[in-house]
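Q: Please take a close look at one strand of this predicted model. I would like a connected account of its surroundings.

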Amino acid sequence: MTKWTGEAVPVERPAGEPGLSAYQRAMRDRLLSAPVVPAPGPWRPVFECTYGVPVGGLLGIGFATHPDSGHDLVMVVSHDGHGLLDAVTGEKIARDRDPDPADSTPDAVADLSCPGPGPITGSRVRIAGLFGGGLHTTTADGWTLEVVSPAWPNHRVLLSRDGGLPHAGPHGERWWHIFHSHYSELRAVGFSPSGETIAVATSSDVSLWTRRAEHNGSGAQH
């Protein structure tokens, strides 16, 4: 039986494997030194909580559009079922705690989709997260999202308008460190197809930002 001591075992670099170059070290240091800051305008957080809305056992998320309001919707798939959030108001608009076992997780089908609840019943939503898949990382008007890990396994989410790494300009002017997943596993990061919503999902919560002008107060409270 292996006895766990709680002490990290030093990892030796294989013979002949090069270390980080001066450029790589400088890049890593810049990323490590950039604090988490609010996303710039016109983006605003949908939820008042620092880390969004809690979702225990989150597996993945996907985007849809409300057939009446036109708002972006975020479908959340977790061990507790399926949920649907309004990405502009933060309202929880649908919940299915007992989905059909054949459709409870996206890995059951080739396109990693799950049936939509509530107002999008009859459609399927592609889910990105634990089982694979992905979300948009750019918008048509030049916003970019990146996930970096200068202190792996913790992930940081960067929002930028300078075309992405290496981010030559000062932090907080053309690029922003908007989320640090140091407490849970990152599941998915991306823009909605409309480009109006940013979503960051971890194994324990969902954070949303919107730039849609119409909203209800300063965001839903949780």
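A: The following account concerns strand β14 in this predicted model, with its partner strands and the nonpolar core to which it contributes.

Strand β14 spans residues 197-202, and six of its six residues are buried. Thr-197, Ala-199 and Ala-201 point one way from the strand, whereas Ile-198, Val-200 and Thr-202 point the other way. This arrangement follows a general pattern: in a regular strand, side chains alternate between the two faces of the sheet.

On one side of the sequence, β14 is preceded by β13 (residues 186-191), to which five bridges join it in the antiparallel sense. Within this pairing, Gly-190 has Ala-199 of β14 as its bridge partner. The two strands form a hairpin with five residues between them, and Gly-195 in the turn has a positive phi of about 80°.

The strand β14 also pairs with β15 in the antiparallel sense, again over five bridges. Here Ala-201 has Val-206 of β15 as its bridge partner, and a hairpin of two intervening residues joins β14 to β15.

The strand also takes part in the largest nonpolar core, which has 18 residues. The elements that give two or more residues to this core are β3, β4, β14 and β15, and the largest share, three residues, comes from β3. Val-206 and Leu-208 are among the residues that touch the most other members. Leu-208 links back to the strand under discussion: its contacts include Thr-197, Ile-198 and Ala-199, as well as Val-74 and Phe-47.

Notes. Residues numbered from 1 in each chain as written. Predicted model: local features only at pLDDT ≥ 70, side-chain atom pairs only at ≥ 80, totals over all residues. Heavy atoms only, no water. Core = buried A, V, L, I, M, F, W, Y, C linked by side-chain atoms within 4.5 Å. Buried < 20%, exposed > 50% of the residue type's maximum accessible area, 1.4 Å probe, protein only. Helix = DSSP H or I, 4+ residues; strand = E, 2+ residues; numbered from the N terminus. Contact = heavy atoms within 4.5 Å. Pairing = 2+ DSSP bridges. Lists of a residue's contacts leave out its neighbours within four places in sequence.
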